[in-house]
Structure formats: structure tokens, C-alpha cells
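Reader: I would like a close look at a single part of this protein, taken slowly and with the reasoning spelled out. Could you choose one aromatic contact and describe its surroundings?

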Amino acid sequence: MLKHTTCCPESRKTLNKVPEFTITGDENPFLHVSLRQGESISCESDAMVMMEDSLDLAGQIQGGIGQALMRRLANGESFFQQNIKAVRGDGDCLLSPQLPGAMEVLEVGRTQYNLADGAYVAASSDVEITAQMQSLGTALFAGSGGFFIGRTRGTGKVVVSGFGSLFTLQVTPDKEIVIDNGHVVAWDTQLNYRISASTNRSQGLLNNLMHSVTSGEGVVLRFSGRGRVIVCSRNRTNFIAWLIDQLPASRK
């Protein structure tokens, strides 16, 4: 079995047949997964870094072609996911997300989560990532998967990642929270959310759009109700735009 440097202590007795997910490493960590014989996980394509010989890896289309296409639109996921199963005994594997940054293991069951673009890393076998249709206004402005958005279903664990560090915010009925769209990673499906082109409530839509352009303030999401929102410290879209600006003019 692999040894890891940091641990999220959880008893395998309480997990029943759910594989053990451990985030190991302080900066740009690995996801260390321990599976007992017969257990399996699904993960994003190309997430696997290393696995022991007792494990098998295969591609799969989770939920059928229709759901796979919608997830592709919703979260930018690959059409095929990877399935890792402990076939010849217990075994460990290491996974990593596409972008540098932190990861978090979320319990799903009574609580389900919506997932922003690129947030999904891996899930236990009883958890499925589906695609749900958004309202027209949210789809046009929010940028979180267009007309579709990723959503967890089932009972178990899902692992999400964000660009940079992660932070969990608690939304309560008496405290609405406004978050820049590019920093949202995942949020409780029980929360209400709506888009805004500005944090200024007193202006109309066109004025808010103009204000966003002139002030550099982007699209924000307003969350209300009760539940958790996981945010990341870096904005992927802004970082990509900055990288492009650094290229010589002839290479843009």
C-alpha cells in the first residue's frame, strides 16, 4: 500500500464499501484512493497518475451517450470517464486534477451539489454526475456550463478541485452571498442562485452591463437560502487571458 504524508482521518468502518479518499500534499496535492477488492471509482479522463497492479482501468460512458454529451457541455468533461476497480485484491491509486490547486472531498446523499466547469475529479461508484438544464437567463450569463450544469446524484463521495486554494462559505437565510462567477467550484443544490452583471442592485440590466465593462467587474452569482458554496482563490478565465497577453504579438 502507498504511504501518504497528510491524511483526512476517517474510519473505513463508517464508510462501509466506499473507497477511502485522502488528499495528500500541501501544494498541488494528489488524491490518494485506497480500494478494497471489488470496490471501484469513476474519475475524469486522464486523472489517473499511478495505480497498483491489483487495479484495472477502463473507459466508460456513465449514464449513456445523452448524459455524456450533456456533461461535456455542462462541465467540459471528457466524453469518456475512467473507471478504476480493485480486481485482483486491495490496491491504491493516485489521481490529480487538470489545473494546479486544492481538492476537497464532499459527502453526497442528503446533500447534493452543483458543479462548475472543470470541478469534477472523482467519485465513489454509487455517485453519478448528471447534467441538469439551467434557466435561460442563468445559462446566457453565468458561464457555468451554458444551458446545462453538472449535478451529483446518489450516495457516497465526490471529489472536486479548484484553481488555487479552496474555501467553504456558509449561506444562511439572513445572509445572501455574492461571488464572482469565475471563483465558484460547487454549491448545495438546495441554494437559490441567480446571475447579475454587477453588484449594484439599483441599476437596470443595461446599466449593470455597462458598469461591468467600465469597472472590470465581471458576472457574479447571488446565493440565498441555506447551504455550502465552495470557492477557489484563482479565476481560470482571467489567468488564461493574462497568459495570452504575455505572448509576443506574432504568437497570439
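Author: What follows is a close look at one aromatic pair and the helix that carries one of its rings. The model is a predicted one, and a search of the whole structure finds five aromatic pairs. In the pair chosen here, the ring centres of phenylalanine 163 and phenylalanine 239 lie 5.2 Å apart and the ring planes stand at 70°, so the pair is edge-to-face, given that planes over 60 degrees apart count as such. The two residues come from distant parts of the chain, 76 residues apart: phenylalanine 163 sits in the loop between strand 13 (156-161) and strand 14 (166-171), whereas phenylalanine 239 belongs to helix 5.

The two partners can also be described by their accessibility. Phenylalanine 163 has a relative accessibility of 13% and therefore counts as buried, since the cut-off for that word is under 20%. Phenylalanine 239, with a relative accessible area of 36%, is partly exposed. Together with Trp242, Phe163 and Phe239 form one aromatic cluster.

On the surface, Phe239 and Trp242 are also members of a nonpolar patch, which they form with Ile240, Leu243, Ile244 and Leu247, and the accessible area of these residues together is about 530 Å². One of these patch members, isoleucine 244, lies in helix 5, which covers residues 236-246, and isoleucine 244 is partly exposed because its relative accessible area is 41%, a value between the limits of 20% and 50%. Phenylalanine 239 thus has a place both in the aromatic cluster and in the nonpolar patch.

Methods. Residues are numbered from 1 along each chain as its sequence is written. This is a predicted model: local features need pLDDT of at least 70, side-chain atom pairs count only at pLDDT 80 or more; totals for chains, interfaces and linings use all residues. Side-chain values use heavy atoms; hydrogens and water are left out. Patches are made of residues with over 30% relative accessible area and no salt bridge: like charges are joined within 9 Å, nonpolar side chains (Val, Leu, Ile, Met, Phe, Trp, Tyr) within 5 Å. Accessible areas come from the Shrake-Rupley method with a 1.4 Å probe; for residues, only the protein chains shown count as cover. A salt bridge is a side-chain nitrogen of Lys or Arg within 4 Å of a carboxyl oxygen of Asp or Glu. Helices (H or I, at least four residues) and strands (E, at least two) are DSSP runs, numbered from the N terminus. Buried means under 20% relative accessible area, exposed over 50%, partly exposed in between (1.4 Å probe, protein chains only). Rings of Phe, Tyr and Trp (its six-membered ring) pair if their centres lie within 6.5 Å; planes under 30 degrees apart count as stacked, over 60 as edge-to-face and the rest as tilted.
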